[in-house]
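Dear colleague,

Please find below the structure that I am handing over to you. My findings follow directly beneath it.

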Amino acid sequence: MATALILVLVVVGSVGFHLLSPWWWTPIASNWSYIDHTITLTFWITGVVFTAVVLFMAYCILRFRHRPGLKAHYEPESRRLEWWLTVVTGVGVAAMLAPGLVVWHQFITVPKDAGDIEVLGQQWAWSYRLPGKDGKLGRTDIRFITAENPLGIDPKDPDGQDDVVILGEDLHLKLDQPVKVLLRSTDVLHNFYVPEFRAKMDFVPGMVTFFWFTPTRTGTFDVLCAELCGVGHAQMRGKVVVAEEGEYLQWLGKQPTFAELSARSNKLAASIGNDEGDAQPTLE
Ligand code: CUA
């Protein structure tokens, strides 16, 4: 009797906690409400199954408990029951998987008007690159990575000269403008995750992975790394600011391009060369 009661309490407690839980999603700020719907559907299906199975257990414990003189009924096989359980389980699993296929198709179908954004993940910071006025990101290669060129942009590629480079600063996005996020890592696996955007994707060293979304709400959102990437994993944080077009363009205008950054570091190198001794030749 006590065991059956505990099982019933487990069901009531679990369902109650789920419904009244203080830990729920942050309010959504992107187009990916589908992700929320599929999770809700999974919660419903698994919740109903969990409740039914545990309550059935409680019923069996009570109904078939030991009583003097009562002999257990021996029934090793029931074809009808097996069919019935197979069909119900099959329908339940299909109902959880099928919507995922539809959502995945949308997830990998990037809209034509989506603008590219590159995120570079490295232990343990985020850097960003936006295509300049030409709308194209320049070529990159790890061979070009230096202290002055941490993103490894090909200095000879004209497409890369006007690329906007954001190092250690917040990423800004334009409201309602779809973005294709290209993910590149220089060391280990990372994962660019903004909970409000719902969508996320792993960085895999040696390849460029991507996902897309449309920011639908202005505000400042936390960026978390969602893939264990070493001792600094928990500190691998950042901020994304979603703003109206005017505010966004104002911010964009203040960001340096790759050409400007290169010129700046060349100048700095030259001035250091001068300080060390006027006899030394400089690059200029
Ligand atoms: Cu990067 Cu965890």
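In this predicted model, an open sheet is built from five strands, arranged in the order E4-E10-E9-E6-E7 with mixed pairing. Its edges are formed by strand E4 (171-174) and strand E7 (200-203), each of which pairs on one side only. On average, and with direction ignored, neighbouring strands of this sheet are turned by 25° against each other.

At the E7 edge, strand E6 (residues 190-193) and E7 run antiparallel and are joined by four bridges. Within this pairing, Tyr 193 has Lys 200 of E7 as its bridge partner. In general, strands of a sheet pair through backbone hydrogen bonds, in either a parallel or an antiparallel manner.

At the E4 edge, helix H5 (residues 245-253) lies across E4 and strand E10 (238-243), and its direction makes an angle of about 140° with E4. Helix H5 contains Leu 249. Is this leucine buried, partly exposed or exposed? Leu 249 has a relative accessible area of 45% and is therefore partly exposed, since that class lies between the limits of 20% for buried and 50% for exposed residues. Leu 249 and Leu 20 are 229 residues apart along the chain, and their C-alpha atoms are separated by 42 Å.

A second group of strands centres on E5. Strand E5 (residues 179-185) is largely enclosed by the rest of the structure, because six of its seven residues are buried, that is, have under 20% relative accessible area. With strand E1 (residues 115-122), E5 runs parallel, and seven bridges join the two. One of the pairs here is Gly 121 with Ser 185, its bridge partner in E5. With strand E8 (residues 209-213), E5 runs antiparallel, and five bridges join these strands. In that pairing, Leu 182 stands opposite Phe 210 of E8.

Finally, I would draw your attention to the surface. Which residues make up the nonpolar patch of about 360 Å²? The patch is made by Trp 24, Trp 25, Ile 39 and Phe 43. Of these residues, Ile 39 is found in helix H2 (residues 33-63). Ile 39 has a relative accessibility of 32% and so counts as partly exposed; this value also satisfies the requirement that patch residues have over 30% relative accessible area.

With kind regards

How values were computed. Residues are numbered from 1 along each chain as its sequence is written. This is a predicted model: local features need pLDDT of at least 70, side-chain atom pairs count only at pLDDT 80 or more; totals for chains, interfaces and linings use all residues. Side-chain values use heavy atoms; hydrogens and water are left out. Two strands pair if DSSP finds at least two bridges between them. Axes are lines fitted to C-alpha atoms, for helices over the stretch in contact, and angles run from 0 to 180 degrees between N-to-C directions. Contact means heavy atoms within 4.5 Å. Patches are made of residues with over 30% relative accessible area and no salt bridge: like charges are joined within 9 Å, nonpolar side chains (Val, Leu, Ile, Met, Phe, Trp, Tyr) within 5 Å. Accessible areas come from the Shrake-Rupley method with a 1.4 Å probe; for residues, only the protein chains shown count as cover. A salt bridge is a side-chain nitrogen of Lys or Arg within 4 Å of a carboxyl oxygen of Asp or Glu. Buried means under 20% relative accessible area, exposed over 50%, partly exposed in between (1.4 Å probe, protein chains only).
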